[in-house]
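Here are two short exercises on a chain interface and a sheet, each with a worked solution. Try each one yourself before reading on.

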There are 2 protein chains.
Amino acid sequence: MAKTLKGNCVLAQSGGPTAVINSSIAGAIKEAFRHPEIKKVYGAVNGILGVLNEEMIDLGKESTSTIELLRKTPSSALGSCRYKLKGDDYERILKVLEAHNIRYFIMNGGNDSMDTADKVDKLAEERGYMLRVMGIPKTVDNDLAYTDHSPGYGSVARWLAIAVRDAGLDTAAIYTSDTVKVIETMGRNAGWITASTALAREHKDDPPNLIYLPEKPFNEEKFIADVDRIYKQTGRVVITVCEGLRDEKGEYLTASSRRIDTDGFGHKQLGGVSDVLCSLIADNLNLKARFDKPGTIQRVSILCASGVDLCEAYLAGKRAVRHAVRGESGKMITLERVRKKPYRCTTGLVELEKVANAEKKVPDEYINEAGNDITEKFLEYAFPLIGGSLPRYARLKKLMVKKLL
Amino acid sequence: MAKTLKGNCVLAQSGGPTAVINSSIAGAIKEAFRHPEIKKVYGAVNGILGVLNEEMIDLGKESTSTIELLRKTPSSALGSCRYKLKGDDYERILKVLEAHNIRYFIMNGGNDSMDTADKVDKLAEERGYMLRVMGIPKTVDNDLAYTDHSPGYGSVARWLAIAVRDAGLDTAAIYTSDTVKVIETMGRNAGWITASTALAREHKDDPPNLIYLPEKPFNEEKFIADVDRIYKQTGRVVITVCEGLRDEKGEYLTASSRRIDTDGFGHKQLGGVSDVLCSLIADNLNLKARFDKPGTIQRVSILCASGVDLCEAYLAGKRAVRHAVRGESGKMITLERVRKKPYRCTTGLVELEKVANAEKKVPDEYINEAGNDITEKFLEYAFPLIGGSLPRYARLKKLMVKKLL
């Protein structure tokens with residue numbers, strides 16, 4: 001058992017918001033309140049910038065009901081940022097932590113954030129400042145390594161499964177028009193989000209009919225042939241596609257060239273892939289296609305949030321604090337699938353250093369050979385994460401009336 | 001009391017799908033089954049094309065539970081079309097109706113569909129074929145005249161209210177980026193759908209910050225000044241905009257010029273407005289903006305459907321059949337608001353001829369003077385239609401920790 005460490009705790013949220021990141025923070029807050037070693041529980045305003053600028057809120061002043069309601073509140077309640085710390089920033093952060101006797105630093109974010117947390121942890125050790133740093137995984141992209149999946153993913157997957165099932169019905173509705181639909185999902189280099197659209201299917205041939213992930217280079221000719229084939233077979237095509245699609249040279253299909261569209265980590269803003277695809281379809285197949293790009297709406301819906309995801313996010317938050325109190329530092333909570341069917345999950349630990357800046361892509365075994373769909377194995381992986389079945393809809397038998405004319 | 005008319009009944013769905021159009025059809029089917037005058041209840045496959053091509057299904061062969069589940073099934077279960085009848089088509093339709101002894105023709109659709117229904121009604125009368133034609137209003141656009149509102153609208157409004165509230169939280173989350181968001185809604189010439197995004201606000205200053213409807217000509221300079229002002233005040237801007245926005249010359253900002261993107265009624269496919277606006281913002285204000293274009297997903301969500309809308313759609317379906325049995329013809333069911341608070345609604349009747357091809361735009365009293373927001377009066381009109389409050393989220397008090405450095 002590690003030495004008892006008394007002091008305050010700061011929680012930070014980082015990167016893009018999700019439906020369940022506040023559930024993680026609620027878990028961390030509740031756990032922190034349980035331990036007498038932790039005196040005050042602070043929330044950094046706008047992620048690491050809150051620590052850097054000494055802007056923190058006192059979470060002990062919030063009501064129990066507000067903390068409880070955080071479990072059902074999407075986005076990042078503490079505020080977040082995309083900011084890469086520079087040389088002197090780390091020293092300054094240590095100074096702020098020291099000034100406020102902060103001994104527990106809990107970072108809720110993705111791989112860039114784990115890198116930040118790792119560096120703070122190492123500097124504290126170097127300087128002999130007793131600090132325990134823990135990471136809570138968070139990313140809709142599901143691209144964190146060393147964890148079975150990440151909180152946030154199950155909910156965006158559930159949102160898309162429902163939306164794409166509905167969009168499939170929509171596309172089936174109008175006989176004379178709107179026969180080809182492209183749905184663009186989020187996702188930079190990893191296609192986990194796009195892959196989850198396959199969960200929309202109730203039957204094997206249900207939409208989406210084609211799924212394109214960034215793991216497989218996009219080929220125009222193959223794409224056009226795919227769309228043409230499905231259209232000729234069924235008269236309808238629903239295509240789901242990742243905003244981060246790249247061509248065979250590894251270039252994003254439509255990364256914005258505006259300097260202003262690049263973030264602090266040098267990531268270019270993506271988008272517009274679906275517009276390119278609609279043009280390809282119109283120009284080559286003389287078919288009218290339209291696109292839906294739900295954008296950020298897909299990542300912050302509580303109405304469609306996965307119950308499993310909400311619970312796991314909460315658990316990950318609690319465990320991060322508990323492990324820190326018990327003496328761990330420099331680690332991120334992982335989710336470990338201990339049983340496949342029925343699904344059961346527990347938490348584990350991994351070094352922040354390992355997670356930092358690593359990226360887990362969709363493995364080959366989850367992508368079909370043609371590179372235009374996912375495999376049964378992916379469905380087995382992803383289905384439990386969306387927390388149960390989708391709404392059930394009526395299917396008419398449609399017995400035809402005998403023609404008389 | 002009109003003469004009893006015995007025979008079969010055909011139901012048709014037309015135009016774009018909605019979350020509640022099947023609820024209307026379920027109402028019509030159930031009502032039809034109640035009347036001994038009606039022998040068989042048929043569903044036209046793909047709207048008026050089903051009658052024209054003599055493709056109808058026997059709804060009497062569907063189970064009670066399937067019909068019941070239609071009330072919670074989005075899109076158009078019978079299939080729909082966008083097809084403008086040509087000269088001989090009307091004669092052919094009459095022939096099909098006659099061959100199948102169809103005496104009740106119920107059309108569930110928007111203004112184009114009411115025009116079709118009206119012409120069938122008149123031709124039948126001209127030829128002395130005893131037929132009763134009734135319309136059930138349906139349009140997410142809410143642009144049907146002579147009715148307080150149209151089934152389908154309350155649900156798309158609820159979807160957008162929730163999505164824009166969530167998107168507002170999303171935009172508030174990341175301090176360093178994603179500070180300007182444009183959300184593009186459906187709507188061709190009428191801004192009802194876009195206006196409904198104002199229902200996202202819990203407090204007066206909540207997003208959306210700017211709302212642009214097609215009823216007011218779009219002016220670039222004013223737009224840029226609006227965005228600049230809000231951004232300087234709050235550092236965040238959420239803009240909702242109608243896909244059918246037009247400039248001062250009355251031209252759509254971005255109508256597709258592809259021939260293939262024009263439907264049977266000559267309506268051009270719209271879209272891309274938000275991309276234009278993002279570019280305007282980047283070029284003139286040096287601000288990064290991104291857009292969400294939920295597209296058709298917004299109109300077919302059962303999870304976000306309005307309970308009020310679902311009930312009224314069902315009621316409108318029932319009433320259409322009941323009035324037909326009682327002797328009415330050539331009329332559409334209207335929704336009449338008989339009390340404002342608490343909201344109470346009943347049905348009325350209007351001549352199909354009046355509704356056909358008419359278009360109800362958002363009146364001036366619902367749009368603010370600057371043309372960049374809606375008025376309190378609109379909120380009073382629209383709020384009851386979304387069927388109750390939105391999900392409640394946590395709001396932290398955010399008491400700041402005293403700075404020590």
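**Exercise 1: the interface**

Between chain B and chain A, 39 residue pairs are in polar contact, both residues at pLDDT 80 or more (N or O atoms within 3.5 Å; within protein, one able to donate a hydrogen and the other to accept it, and residues adjacent in sequence counting only if both atoms are side-chain atoms). This is a predicted model, where local features need pLDDT of at least 70, side-chain atom pairs count only at pLDDT 80 or more, and totals for chains, interfaces and linings use all residues. Residues are numbered from 1 along each chain as its sequence is written, chains are lettered from A and ligands numbered from 1 in the order written, and side-chain values use heavy atoms, without hydrogens and water.

Task: describe the side of chain B that touches chain A.

Step 1. That side divides into 44 nonpolar, 19 polar and 29 charged residues (nonpolar: Ala, Val, Leu, Ile, Met, Phe, Trp, Tyr, Cys and Pro; charged: Asp, Glu, Lys and Arg; polar: the others, Gly among them).

Step 2. Its largest share, eight residues, comes from α6(B) (helices are DSSP runs of H or I, at least four residues, and strands of E, at least two, numbered from the N terminus).

**Exercise 2: the sheet**

Task: find the strand order and the edges of the seven-stranded open sheet in chain B.

Step 1. The order is β3-β2-β1-β4-β5-β10-β11, with mixed pairing (strands pair if DSSP finds at least two bridges between them).

Step 2. β3 and β11 (344-351) of chain B are the edges, each pairing on one side only.

Step 3. Inside the sheet, β1 (7-13) and β2 (38-44) of chain B pair in the parallel sense over four bridges, and B:C9 stands opposite B:V41.
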